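Colleague: I have a new model open and would like to learn how to read it. Could you walk me through it, feature by feature?

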Amino acid sequence: MARIYPNRLDDATESHAERALYEIFRDRLPDDVLVFHSARWQVRDRRRGARDGESDFIIVDPARGVLVLEVKGGAIRYDGERGEWTSNGIPIKDPFEQAERGKYSLIAKMREMPVWSRGHPYVCHAVAFPDGEVEADLRPDAPAAIILDVRAAEDPAPWLAALFDHYAAH
C-alpha cells in the first residue's frame, strides 16, 4: 500500500477519474512509493514574478524518480487535423502539454530549494486516461508508453516501472 497525501481524498474532488486513481494508487502501488494528489506549488520567476504550478498526481518512486501525472476522465478523443482534445465531446486542454508544463514547473521549484541545489531526482511526465484503452501512440510527443489507460490502471506498478524504463537512457 503506497503512502498517499493527503491521507483522505478531498470531498471537493469532482473528477471521477481522479477519485478512482486515488484509491487505485493507494491500494495497488508498492509501500515505498509516495503519491501526492492535487499537488500545488509556487515558483519564483525573475522576469514574470511568481507562477503557480500544479499536478493531478505526483508519484515518487525512491529508486527511479518522480512522475508528474495529468488525469483526464471520460471518452478521450484527439482530432489531429484540428489539434483538439475532447472528453465526452467537450473540449479540454491538451493533457500532454499540461503534464509537461507541470514537470518543468516542478523542476524549477526543486531548483529553488536548498536541499536540491546540487541536483534533484529524475522527473518525467505522463497522462492517465483511466476510462478507455489506448492501443497506439497518439502523436509523436504522446507515445502509448506514457499513457496509463484502463488496463494499466488495474495494476499500475508494472506500468510505472515500464514508464521509468521508457524515459531511462539505455
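Modeller: Happy to; we will take the sheet, then the hairpins, a helix and the core. Please keep in mind that this is a predicted model.

Colleague: Let's begin with the sheet. In what order do the six strands of the open sheet lie?

Modeller: The general idea comes first: strands of a sheet pair through backbone hydrogen bonds, either parallel or antiparallel. Here the six strands follow the order E1-E2-E3-E4-E8-E9, with mixed pairing. Strand E1 (3-5) and E9 are at the edges with a single partner strand each, so one side of each has no neighbour in the sheet. On average, neighbouring strands are turned by 40 degrees against each other, direction ignored.

Colleague: How many bridges join E1 to E2, and do they run parallel or antiparallel?

Modeller: E1 and E2 run parallel and are joined by three bridges. To find the pair on screen, start from arginine 3, whose bridge partner in E2 is leucine 34. E2 and E3, in turn, run antiparallel with 11 bridges, and alanine 39 stands opposite serine 55 in E3. Three residues lie between E2 and E3, which form a hairpin. Moving on, E3 pairs with E4 in the antiparallel sense over five bridges, and valine 60 has valine 66 of E4 as its bridge partner.

Colleague: Which residue takes a positive phi in the hairpin of E5 and E6?

Modeller: That is glycine 83, with a phi near 65 degrees, in a hairpin with four residues between the strands. Strand E5 (residues 76-79) and E6 are antiparallel, with four bridges. E6 also pairs with strand E7 (residues 90-92), again in the antiparallel sense, over three bridges. The hairpin of E6 and E7 has two residues between the strands, and there asparagine 88 has a positive phi near 55 degrees.

Colleague: Now a helix. What span should the 18 residues of helix H2 have?

Modeller: Allowing 1.5 Å a residue, H2 (residues 95-112) should span 26 Å, and its end C-alpha atoms are 26 Å apart, which agrees. At the start of H2, a side-chain oxygen of aspartate 94 comes to within 2.9 Å of the backbone nitrogen of phenylalanine 96.

Colleague: How do I work out which way a helix faces?

Modeller: An α-helix has 3.6 residues a turn, so residues three or four places apart point the same way. In H2 the buried residues include Gln98, Gly102, Ser105 and Ala108. H2 packs on the sheet, where it touches E2, E3, E4, E8 and E9, and its direction makes about 150 degrees with that of E8. The buried residues of H2 also pack against strand E6 (84-87).

Colleague: Is glutamate 70 buried or exposed?

Modeller: Glutamate 70 counts as buried because its relative accessibility is 5%, and buried means under 20%. This glutamate lies in strand E4. Its contacts include Pro95, Gln98 and Ala99, along with Glu54 and Asp56.

Colleague: And the core: which residues touch the most other members of the largest nonpolar core?

Modeller: In soluble globular proteins, nonpolar side chains tend to be buried together. Of the 36 residues in this core, Leu21, Phe25, Val35, Ile59, Leu67, Leu69 and Trp159 touch the most other members. Among the elements that each supply at least two residues are helix H1 (16-28), H2 and helix H4 (156-167). A second, separate core has 11 residues, including Trp41, Val43, Val66 and Ile107. Isoleucine 59 is a good place to zoom in: among the residues it touches are Phe25, Val35, Leu67 and Leu160.

Terms used
Residues are numbered from 1 along each chain as its sequence is written. This is a predicted model: local features need pLDDT of at least 70, side-chain atom pairs count only at pLDDT 80 or more; totals for chains, interfaces and linings use all residues. Side-chain values use heavy atoms; hydrogens and water are left out. The expected span of a helix is 1.5 Å times one less than its number of residues. Buried means under 20% relative accessible area, exposed over 50%, partly exposed in between (1.4 Å probe, protein chains only). Contact means heavy atoms within 4.5 Å. A polar contact is a pair of N or O atoms within 3.5 Å; within protein, one must be able to donate a hydrogen and the other to accept it, and residues adjacent in sequence count only if both atoms are side-chain atoms. A nonpolar core is a set of buried Ala, Val, Leu, Ile, Met, Phe, Trp, Tyr and Cys residues joined through side-chain atoms within 4.5 Å. Two strands pair if DSSP finds at least two bridges between them. Axes are lines fitted to C-alpha atoms, for helices over the stretch in contact, and angles run from 0 to 180 degrees between N-to-C directions.
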